[in-house]
Structure formats: structure tokens, C-alpha cells
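Student: Please take a close look at a single strand and describe how it is placed among its neighbours. I would also like to know which charged side chains meet there, and how that compares with the rest of the chain.

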Amino acid sequence: MTNIKKIGLTALAGSLVATSAFAGAMDVTGSASVKFQSEHETEHTQNNYTMGQTLNFSGSGEMDNGMTISYGYLMTNASLSSSTLKLDMGDMGQLNFNEGSNLSGIGAYRDKMPTAGEQVWDDMGGEANGHATFPTNGTIGYNGNLGDLVDVSVSYNKNSSSTAVVAGTGTTDTRTITTNTGSSSSIVISGSPADGATLFYGQGEKAGTTKNNGTDMWTAGATYAVGSTTFGIQQTAIDKSAANADADRLHIAASYQVNDDLAISYGMSTVEFEQSSKVDQEDSGFSISYTMGSMSLVGSWLESDNVSGASATDDSHTEIALSFAF
């Protein structure tokens, strides 16, 4: 019996070695971090310190026709964060299939403003307002170009389920999953008309829980890099089927690369609500990052006034994270 087991294991090992010649390489990278977070005075977190761990499995291989297939699987704190499958077709562009992320279309352009750390709305009570979000589960994407000056990015999702974030206290925000009806689609056109300048415009339609309550959206923006400084401006409009539910966001930001290791940024955004009883939500934030080899130290100080249009309802978030890549 022992000999039979040895023979079986030897045959299995041989088959794995034989097939590895046809498969691409699989690499594993990761990071570990210690994070300090401080919420608004109305929110209470018993322990402000947390530890984070990520593992990223990535592999690629070339097919007989010269195209390249690659795969990525990202785990955060031992749970699936996102997975991607890409087919690089050379001059014909790149196809991708995604779970948990947006690599193409309007979702990939949710916020393209320069920052050294977090976006000004991140981890805030009104972070979901005025953004062009797109389903991330089972989404098909395409990235290509139309000539030398224009790039195109397309995404499509059929009968997705969406996750809505309902603000809670501290880190205990509630997430509800809703199954949508119909398909969601988007397209973004971008280009670089001059050195250091990038322009983009995208529009999309996101399915709702019925055929008649979807969401139309568009976003447009520009970034300009001169020397060590990058400026950006982006306007987004969300048109919901429900009456008085539309929202528009204007976001401006600037970042400065002090040296190869140190960067700072500042940004602000304003969300205007169609409902007359709501006032403008105003977000602002400062970020700084320092990198030395595999170590990075990132800090963000964010504030929000009139969260979700409610007058005198404020929020704030401070975050300092020390991380090591391996």
C-alpha cells in the first residue's frame, strides 16, 4: 500500500511539472499595515488601531496567437477583495472580466483627482453622494484606443447586484445588497492634447431594481501636470429616476511631489442636491505620504460639512497608516 501511494504521488508530481511548462508564472506579493483612525466626536471607536494584511496572487502567460492572458486575485484580511482576468490583444486593446473592482468604463473614472493619500470623501458619511459608481461583480470591460490621441474604455454588466452603504457610527456602516434588473453600461473617452494634460468624458446607465428606476450619469474632468505639481478638476452628474433625487459633484485638487519619497495634496468637493430642502455638502482634505524602500507612511485629514445635505451635520476622519510591502 505504501508503494502504491508513492507511485501515485510521483505520478501527480510529474504531471504538475509537465503542465507547468504550458502555464504562466504565478507570483505572490503582499503587505502588512498598522492603521490609526479617528472619527468625528459623535462617533466612537473603542480601539483606534487596526492591522491590515493583503495578499495579491498574480499570474500571466502567452498563448499561441501571441496574446497574453493574466490573472489577479487580491485578498484583504483573508477575504476576497477583488479578482481580475485580462486578455491583452496587442494593438486591438485589452478585454477584462472583474469581480470587486472596476478596470474599465465610468467606474474606473469615479474620481481621477490627484492625491497623496485618500480622496476627500473617503470613509465619510456622505461618500456615496455625487459619484459615478458602477457594478463591480461580473463586469466585462474593454480598454483600447482610437488612433494615437484618443483612448476608449467600455464596461458592461448584466443583471448585477449592487451594494448600498448606509452610514452608521464609526466603522460600523451598514451594507445592503440589492439585485438589479437589466444591464448597466458605460463608455469613457480620454486623451492627452498636450504634454502633461489629460482630458476625459464618460457617460453611463446603471440598472435599478426595476426596469424603470435606473440611473443615468456622466463625468468629465481634466488633469495637468507641470513640474512637480499636478492640478485636477472633475464634474459628475447623477440623474436618478426618483423625483428630486439628482446630485452633482464638483471636485478640485492639487498634489505636489516634494521629492522622490515625499508627496502632499489638498482637495475639496461640493455636492449639490436637487431636493430643495437639502443644502450643499462640502468635503475637504489634506494628505501626505512618505515612501522609503518597501515602507510607506500615509496620513489623511478629512472634513465634511452638511453630510448628505443635512444642515449642520458634520463629519471628520483622520487616518495614519504605516505599511510594509513584501
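**Strand S16 and its partners**

Tutor: Strand S16 pairs with strand S17 (residues 295-305) in the antiparallel sense, over 11 bridges. Strands here are DSSP runs of E with at least two residues, helices are runs of H or I with at least four, and both are numbered from the N terminus; two strands pair if DSSP finds at least two bridges between them. The model is a predicted one, in which local features need pLDDT of at least 70 and side-chain atom pairs count only at pLDDT 80 or more, whereas totals for chains, interfaces and linings use all residues. Residues are numbered from 1 along each chain as its sequence is written, and side-chain values use heavy atoms, with hydrogens and water left out.

Within the pairing of S16 and S17, Phe286 stands opposite Trp301 in S17. The two strands form a hairpin with 2 residues between them, and Gly293 in the turn has a positive phi of about 65°. S16 is also joined to strand S15 (residues 262-273), by 10 bridges, and these two strands run antiparallel. There, Ile264 has Ile288 in S16 as its bridge partner. In a regular strand, side chains alternate between the two faces of the sheet.

S16 also carries a charged contact. Asp283 forms a salt bridge with Arg249, at 3.5 Å from N to O; the term requires a side-chain nitrogen of Lys or Arg within 4 Å of a carboxyl oxygen of Asp or Glu. Because Arg249 belongs to strand S14 (residues 247-257) and Asp283 to S16 (residues 281-292), the pair ties together parts 34 residues apart in sequence. Both Arg249 and Asp283 are buried, that is, under 20% relative accessible area, with exposed meaning over 50% and partly exposed the range in between (1.4 Å probe, protein chains only).

The structure holds 2 salt bridges. Beside the one in S16 there is that of Lys35 with Glu319, whose closest N and O atoms are 3.7 Å apart. This pair links distant parts of the chain, 284 residues apart, with Lys35 in strand S1 (residues 25-39) and Glu319 in strand S18 (residues 315-325). Lys35 counts as partly exposed because its relative accessibility is 26%, while Glu319, at 6%, counts as buried.

As for the whole protein, there are 18 strands and 1 helix, and buried residues make up 33% of its 326 residues.
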